[in-house]
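Dear colleague,

I am passing on the structure we spoke about, together with its sequence. Please open it first, and then read the notes that follow beside it.

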Amino acid sequence: MSKVIQKELSLGGKTLTLETGKLATKANAAVIAKYGETVVLSTVVAGKAAENASFFPLAVDYEERLYAGGKISTSRFIKREGRPTEEAVLTARKIDRSIRPLFPSDYLAEVQVIITVLSVDQENDPDIVALIATSAALTASDIPWKGPISGLRIGRQNGGFIVNPTESEKKFSNLDLVLVVREDEIVMVEANADQVEEESVAAAIKFGIEESKKVNKFIEEFAKSVGNQKQDYVVTKLEPEKEKQVKEFITKKLLKELEDPKIALDEGWFGDALEELKAEFIKENEENNPAPKLLADILDEEVSDYLRNLILKSKKRIDGRSPDELRELTSDVGILPRTHGTGLFQRGDTQVLSIVTLASPALQQLIESMEGEETKRFMHHYNFPPFSVGEVRRLGSPGRREIGHGALAERALVPVIPSQEEFPYTIRIVSEVLSSAGSTSMASATGSTLALMDAGVPIKEPVAGISIGLVTEKEDKSKYLTLTDIAYQEDAQGDMDFKVAGTKNGVTAIQMDTKLDGVPAKIIEEALEKAKKARVIIIDKILSTIPVSRSAISKHAPTVIVVKIDPSKIGEVIGSGGRTINRIIGETGAAIDVDDEGTITISGEEDGARKAASWIEGIVKEAQVGEEFEGPVKRILPFGAMVEILPGKEGLVHISRLAPHRVEKVEDVVKIGQVVKVKVAEIDDQGRVNLAIAGVEKKFEAGGDRGRDGVDRGPDRRGGGGRFDRRDQRRRPKRY
C-alpha cells in the first residue's frame, strides 16, 4: 500500500480536503478531493509516445455516476449510465482547456485524465472540485506539467463577491464566473451573467486571482508531501541543417501565400500547407523524413512568428484591418417560409443561419442527472458541417466542439429569454454554420437573436457576441496587441481566444482560453472593453435589420394558452376515465397538459386551442344566481328540460318555469337541440343549478310559484319556499 497523504484547507467557509495513496494506486497519480459532501476522484495516467506522433494525445473524461446522488435511472429498460450528459461534456471541455496549455509542447506521450464523481451534496458544484483534484493529481504526479492551477467559482451578492457559492446562494447572484488561475495569471474563464457591466466582471476576476493564490500554494504543499519527481522524456529534434531546410521552404513558398488575404483567412489553409510541406520532404528522402509532429510544430511556429511580426510592427493584420476593426457585417431575417423564425448573420466569411422553433411547454427537455431531474424550456443547438470549411468528412452525432459552442450561445441568450408566464412556449434554436472563418459561436449568438426577434419572442434586449484575440512578443508578454473580431489564422496561431457576448447593458456570457501559461488581468480588462465597443456596433446592425421583436408569432407556430384552475377541479376537467378531456381533445384537435397545481397548457391551431380553453373555463366556472346563459336543450324530462349552460355543465328548467303560462308538455315549448336563453334561478345545497327561461323568472319574483293548474300557490307546494326540489325526480319514472 502507498503512503496515504491528506491535507485540508479552509476555502469559502468550507473545508477542502485532498487525499492520495488510498485509492487507484496503479495510476501515475490519483487524488480524492472532498468539498462539503461532494467527493471527486481524479486519476492521471501517461502512456508511451507513439512513433511519428502528429499531436499531443490528451484525453479528459468526466464521469458522472447516478449513485453519487443516490439515484437510479428512471428508464424502465436501461439502468446503468450511458453516453455522457451534455453537462459532463462541458465540464470535461472546461478541464481540458485549463490543463492543456501547461503541458510541454514537445511532450507527446499519451495522457488520460479520468474524473469520477463519487458523491454530490446538491450544494457544492463537482466541476470546481474536479478542477482542483485534477490540478493536484497532475502536480503530484511524475508527468511533466507546469502547474498547479486553481479552479474557483465566483458569485456576486449585495455588491460583493463570494467564493464557490452554493446552489441556494447562486439563486441570488447575477454572476456565475469560473476562473482558472496559475500564479497570478489567468488560464481559463467561463462566465454566465445577467447583463453585468464590464467593470464588475473585471473586479470579480481580480478578486478570484487573489483567492486562487492560497489554493495554488495548498496544492504545491500537497505535491511536495507526495514527493514524486517529474519524469525525463526523449525530445526528438531535427538536425540543424534539416530544420533550416524546412524553414527556408516555409518562408519562400508557404508564407508567400499569406500575403493574399483570401488564402490567409481560409480555415483549411494550415492543413493544406502542412500536407504540402510533408510531401516536399517525402519526395526528397523517403527513408529519413521528419515526424509529422515536428513539421507541424515548425510550420505553426513560423506562421505564428510571421503574424506576430506583421501585427506588432505594422499594427496591421493579414486582411488589412486595424487591430480594432470589425469585418463587414450583413444580416437578414424571415428567410425560410415555414419555420417560426430565422436569422442570417455574416461577419466576413463567417456565416451562420439560426432557426427558431416554438412549441408547447409540454415539450420541454427532461434532464436526468446525479442531482435529480429538471426541465429545460430553452435550448440552443449548433451544427458545424464539413462544407463550412470546404472539407469532406463523415457526418455523425454532435461532437464535444458542437456541444460546447451550442451551450455557449445558449448561456449568452438565457438572460434575455422571457419567463414562461410572459411567453408560455418551449423554444429551440438551431444554428447552422454555413461558412467558418473564425468565431462561429459568437456569430451563432448574434444570428439567434435575429431569429428570436423574427419569431416574435419578446426578448428583453438584443444579444451580440464577438471574439477578442491576442498577439504577444515571444519572450515578453508585456509587449502585446489585442485584436477585435479575430479571423481563423489569428485564432489558430494567436495566443488567446476571448469570446464575449452581451447586450448594450452588460455581459451575458464569457469563454476564454489561451495557449500561453497565463494571461495578465490587465489584458482581460482591455479585452472586455474592446468587446463592449464591438458589441454595440453589432447590436446596431441587428436593430437596423429588425428594430423590435415581431408583434405576433408565425402563423405556422402553435397557439399556446395557459389556463389556471383550482386543483380541486382537475377531476372535473379530466372526467371519469379521462372521458371529458379526451372529448375536448377529439373535438378541438388541441394538445392539453394538466399538472398537479392546476395549470392547464393548451396548444394547437388557434381556433381549436381557444375553443378548448373556453370549454375548460366553462367546466370549472361556477354559475351564479342571476347570471344569464344561452345554451342548447340537451335532454327533455317529464318535469322539465336540461339545458347546457357551460361546456359539460347542465341545469334544469322546471316545466313551471318554461313559460309564463301553464305548460302541459315540455315538448310543447322546447325541443332537443334548441338554443334557449336562461337565467340561474337558484343553486341548491348540493350544487345543482335550477334555471328559468329568461323573462319567466320575473313571474316568480312577483307572485311566487304557480302550480300545473295555473293557480299561484305562493311558496313551493312541496314546502321548499318557492324552490324546486330535485328529490322529486326520483319519485318519477325515467323516460328516454
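**Notes on the backbone, salt bridges and helix contacts**

Glutamate 183 sits in the loop that runs between strand S9 (175–182) and strand S10. Please keep in mind throughout that this is a predicted model. The phi angle of glutamate 183 is near 55°, which is a positive value in a residue other than glycine, and with a relative accessible area of 52% this glutamate is exposed.

Serine 439 also deserves a look, since its phi is positive, at about 60°, although serine 439 is not a glycine. You will find serine 439 in the loop between strand S17 (426–435) and helix H10 (440–454), and at 11% relative accessibility it counts as buried. A further point about the backbone concerns glycine 147 and proline 148, which are joined by a cis peptide bond with an omega of about 5°; proline 148 itself belongs to the loop between helix H2 (126–140) and strand S7 (150–157).

Turning to charged side chains, a search of the whole structure gives 49 salt bridges. One of them pairs arginine 411 with glutamate 190, whose closest N and O atoms are 4.0 Å apart. Because arginine 411 lies in helix H9 (residues 400–413) and glutamate 190 in strand S10 (residues 185–196), this pair ties together parts that are 221 residues apart in sequence. Are these two residues, arginine 411 and glutamate 190, buried or exposed? Both arginine 411 and glutamate 190 are buried.

Another salt bridge joins the side chains of glutamate 526 and lysine 530, at 3.9 Å from N to O. Here both glutamate 526 and lysine 530 lie in helix H12 (residues 521–545), where they are four residues apart, about one turn of the helix. Glutamate 526 has a relative accessible area of 26% and is therefore partly exposed, whereas lysine 530, at 14% relative accessibility, counts as buried, the dividing value being 20%.

The side chains of glutamate 664 and arginine 662 also meet in a salt bridge, with an N to O distance of 2.8 Å. In this pair glutamate 664 is exposed, with a relative accessible area of 52%, while arginine 662, at 40% relative accessibility, counts as partly exposed. There is, in addition, a network of salt bridges that links Lys94, Asp125, Asp127, Arg153, Glu167, Lys170 and Asp176.

Two helix pairs may be worth displaying on their own. How do the axes of helix H5 and helix H8 cross, and at roughly what angle? The axes of H5 (residues 240–257) and H8 (residues 292–314) come within 10 Å and cross at roughly 50°, so H5 and H8 are oblique to each other; their crossing is right-handed. On the H5 side the contact is made by Glu243, Val246, Lys247, Ile250, Thr251, Leu254 and Leu255, and on the H8 side by Leu295, Ile298, Leu299, Glu302, Val303 and Tyr306. Sorted by character, the residues of this contact of H5 with H8 comprise nine nonpolar, one polar and three charged.

For the other pair, the axes of helix H14 (residues 579–588) and helix H15 (residues 606–620) come within 9 Å and cross at roughly 155°, which means that H14 is roughly antiparallel to H15. The crossing of H14 and H15 is right-handed. Thr580, Arg583, Ile584, Glu587 and Thr588 are the residues of H14 that meet Gly608, Lys611, Ala612, Trp615, Ile616 and Ile619 of H15, and the residues of this contact of H14 with H15 divide into five nonpolar, three polar and three charged.

Finally, there is alanine 492, which has its place in helix H11 (residues 488–492) and which, at 21% relative accessibility, counts as partly exposed. Which residues does alanine 492 contact, once its neighbours within four places in sequence are left aside? With those neighbours left aside, alanine 492 is in contact with Asp300 and Lys515. Alanine 492 and aspartate 300 are 192 residues apart in sequence, yet in space their C-alpha atoms are 8.8 Å apart.

With best wishes

Notes:
Residues are numbered from 1 along each chain as its sequence is written. This is a predicted model: local features need pLDDT of at least 70, side-chain atom pairs count only at pLDDT 80 or more; totals for chains, interfaces and linings use all residues. Side-chain values use heavy atoms; hydrogens and water are left out. Helices (H or I, at least four residues) and strands (E, at least two) are DSSP runs, numbered from the N terminus. Buried means under 20% relative accessible area, exposed over 50%, partly exposed in between (1.4 Å probe, protein chains only). Axes are lines fitted to C-alpha atoms, for helices over the stretch in contact, and angles run from 0 to 180 degrees between N-to-C directions. Angles under 35 degrees count as roughly parallel, over 145 as roughly antiparallel, 65 to 115 as roughly perpendicular and the rest as oblique. A crossing is left-handed if the near helix is turned anticlockwise from the far one by less than a right angle, and right-handed if clockwise. Contact means heavy atoms within 4.5 Å. Ala, Val, Leu, Ile, Met, Phe, Trp, Tyr, Cys and Pro count as nonpolar, Asp, Glu, Lys and Arg as charged, and the others, Gly among them, as polar.
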